[in-house]
Amino acid sequence: MDHPEAIRLMATEKYLLNELSPELRKSFEEHLFECSECEFDVQAGYVLIDGSKDVFSSTAVEVTKARVPGKPNQWLSWFRPAIAVPVMAALLVVVGYQNLITVPSLKSAVAAAQSPQILNSVYLTAGASRGSNQVTVTTKRNHPVPLTLDIPAESRFTSYVCELQSPSGELEGSLPVSAEAARNSVSMTVYPKHGAGVYQLVVFGVAQDATAKVEIERQPLELRIQD
Amino acid sequence: MQFEAFDALYLKRLQEGDSQTQEHFVAYFGELSQKKLRSRVSSSQQAADLCQETFARVLRVVRTGNGIRHPERLGPFVVSVCNHVLMEHYRSLSRETPLEDEHSEVLPDNRSLDPLNSAMGKQTAEIVRHVLDGLPERDRRVLKELFLDERDKDDVCHDFGVDRDYLRVLVHRAKQAFKSQYLKDKGAGKGNGAGAGGSP
């Protein structure tokens with residue numbers, strides 16, 4: 001291959017693009033040894049290809065960096081419609097539920113609690129309730145249960161503690177009672193949190209050294225809810 | 001040995017000292033380089049010595065871990081090494097470089113093994129950027145898909161609605177623009193010594 005033929009064939013460009021047949025490739029490489037102009041051409045082509053790779057890859061990195069928002073702008077991304085619209089919809093549902101269901105229910109409960117009403121207190125007699133005598137109480141949901149309890153006072157105890165245990169055995173509330181108060185019937189109001197079930201009202205006696213409390217009374221209390 | 005092309009397998013064999021591959025390498029490039037060298041030095045013995053020196057240098061690079069990253073560029077690399085060996089021979093004889101080799105300077109490359117070329121590499125990269133900036137957006141994208149993404153040329157042609165001739169002409173135009181700008185920038189420094197050669 002001579003130089004005019006290399007030019008006519010665009011041999012340099014085909015060589016750079018790897019388009020020459022093996023025969024033409026060898027012929028052109030043979031020509032490269034003789035033709036400094038074509039050799040320079042090929043070298044220039046390789047530098048252009050390598051340089052282009054660098055330029056294009058660095059440009060791609062710059063574009064990627066430009067697309068990544070800085071920290072201050074990250075907050076703004078929350079206001080994109082894709083995020084903001086579902087969040088707003090969810091908020092509307094929550095607000096609507098609170099306004100239509102939760103708030104009226106609480107208002108009703110507060111009004112009921114604040115309004116004068118007759119409470120039929122459950123009287124728990126000391127001794128008589130010990131054992132399996134379960135007392136049944138029927139009340140409305142979220143309403144308090146008034147109890148009147150006789151505590152079997154003993155001189156070795158300086159005070160007493162009344163505890164209400166839920167059907168699962170958890171402590172629902174506790175009321176300390178002095179020895180003096182225990183001489184009379186003790187009235188209390190309990191708020192069962194676990195709904196219907198068999199609660200336990202347990203009375204403990206506390207000795208003077210207050211090291212331990214001794215169970216002296218356990219009263220099962222079945223709670224029924226009347227809607 | 002059936003030779004198809006200078007590819008990664010060929011280079012690997014050469015690197016590992018495979019005798020058949022080395023024989024092919026010597027036969028293929030020996031013939032080409034001897035022809036050139038014989039016409040430029042005074043004796044066939046000198047030409048043979050310079051040829052051996054060329055092969056020794058090329059094989060040294062080939063056997064270096066990352067010596068040659070583009071197997072298809074082996075041919076031009078041997079040519080550039082051969083030119084360097086010849087230049088050094090001329091210098092050792094205190095002769096001037098023959099005028100017919102006016103373009104025999106080897107372009108520097110920012111990936112050159114010669115650290116002295118790093119500054120010129122940056123300059124070259126600037127020229128490439130300048131050339132690419134001067135192209136229409138579509139042509140830039142075509143070159144990106146060809147060179148950086150290394151996509152199949154037929155697929156690129158199909159996607160951009162062009163043919164192979166268009167690709168060749170585009171490469172030709174970009175290359176000419178690069179050469180023109182490079183030679184213009186290098187004008188002042190021309191003749192102050194060539195680089196160690198582009199990375200093959």
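The crossing of helix 3 of chain A and helix 2 of chain B is right-handed. This is a feature of a predicted model, and the account below starts from that crossing and works outward. Helix 3 of chain A covers residues 22-34, and its axis runs 9 Å from that of helix 2 of chain B, at an angle of about 25°. Because angles under 35 degrees count as roughly parallel, helix 3 of chain A is roughly parallel to helix 2 of chain B.

From chain A, the residues at this contact are Glu29(A), Glu30(A), Phe33(A) and Glu34(A). They meet Leu32(B), Ser33(B), Lys35(B) and Lys36(B) in helix 2 of chain B. Sorted by class, the contact of these two helices holds five charged residues, two nonpolar and one polar.

The helix pair belongs to a wider interface, in which 33 residues of chain A are in contact with 40 residues of chain B. On the chain B side, two or more residues each come from helix 2 (19-38), helix 4 (74-92), helix 5 (118-133), helix 6 (137-148) and helix 8 (164-186). Helix 8 of chain B gives the largest share of that side, with nine residues. The side of chain B that touches chain A divides into 18 nonpolar, 14 charged and eight polar residues.

Helix 8 of chain B can be described further. It is 23 residues in length and spans 32 Å between its first C-alpha and its last, close to the 33 Å expected at 1.5 Å a residue. Its buried residues are Leu167(B), Leu170(B), Val171(B), Ala174(B), Lys175(B), Phe178(B), Lys179(B) and Tyr182(B).

Next comes chain B as a whole. It contains eight helices and zero strands, so that its pattern along the sequence reads α-α-α-α-α-α-α-α. Chain B has 200 residues, of which 31% count as buried. Among the contacts in chain B with a separation of 6 or more, 59% are between residues 24 or more positions apart.

Helix 2 of chain B, already met at the interface, also packs against helices of its own chain. One of these is helix 1 of chain B, residues 8-15, whose axis lies 8 Å from that of helix 2 of chain B at an angle of about 105°. The two helices are therefore roughly perpendicular to each other. Helix 1 of chain B contributes Tyr10(B), Arg13(B) and Leu14(B) to the contact, and helix 2 of chain B contributes Thr21(B), Gln22(B) and Phe25(B). By class, this contact has three nonpolar residues, two polar and one charged.

Helix 3 of chain B, residues 44-62, is another partner of helix 2 of chain B; the angle here is about 135° and the axes are 9 Å apart. That angle makes helix 2 of chain B oblique to helix 3 of chain B, and the crossing is right-handed. On the helix 2 side the contact involves Val26(B), Gly30(B), Ser33(B), Gln34(B), Leu37(B) and Arg38(B). On the helix 3 side of chain B are Ser44(B), Ala47(B), Leu50(B), Cys51(B), Thr54(B) and Phe55(B). The classes are six nonpolar, five polar and one charged. Ser33(B) appears in this contact and also in the contact with helix 3 of chain A.

Elsewhere in chain B, Asp155(B) sits in helix 7, residues 153-160. Asp155(B) has 11 other C-beta atoms within 10 Å and is exposed. Its C-alpha is 9.7 Å from that of Glu145(B), ten residues away in sequence.

The remaining details concern chain A. Ile7(A) is part of helix 1 of chain A. With 13 other C-beta atoms within 10 Å, Ile7(A) is partly exposed. Ile7(A) and Cys38(A) are separated by 31 residues in sequence, and their C-alpha atoms are 8.9 Å apart.

Two loop residues of chain A have positive phi values without being glycine. Met10(A), with phi of about 55°, is placed in the loop between helix 1 (3-8) and helix 2 (11-16) of chain A. It is partly exposed, with 17 other C-beta atoms within 10 Å. Asn18(A), with phi near 60°, lies in the loop between helix 2 and helix 3 of chain A. Asn18(A) counts as exposed, having 10 C-beta neighbours inside 10 Å.

Methods:
Residues numbered from 1 in each chain as written. Chains lettered and ligands numbered in written order. Predicted model: local features only at pLDDT ≥ 70, side-chain atom pairs only at ≥ 80, totals over all residues. Contact = placed C-beta atoms within 7 Å. Helix = DSSP H or I, 4+ residues; strand = E, 2+ residues; numbered from the N terminus. Nonpolar A, V, L, I, M, F, W, Y, C, P; charged D, E, K, R; others polar. Expected span 1.5 Å × (residues − 1). Buried ≥ 20, exposed ≤ 12 C-beta atoms within 10 Å, placed from the backbone. Axes fitted to C-alpha atoms, helices over the stretch in contact; angles between N-to-C directions. Parallel < 35°, antiparallel > 145°, perpendicular 65-115°, else oblique. Left-handed = near helix turned anticlockwise from the far one by under 90°.
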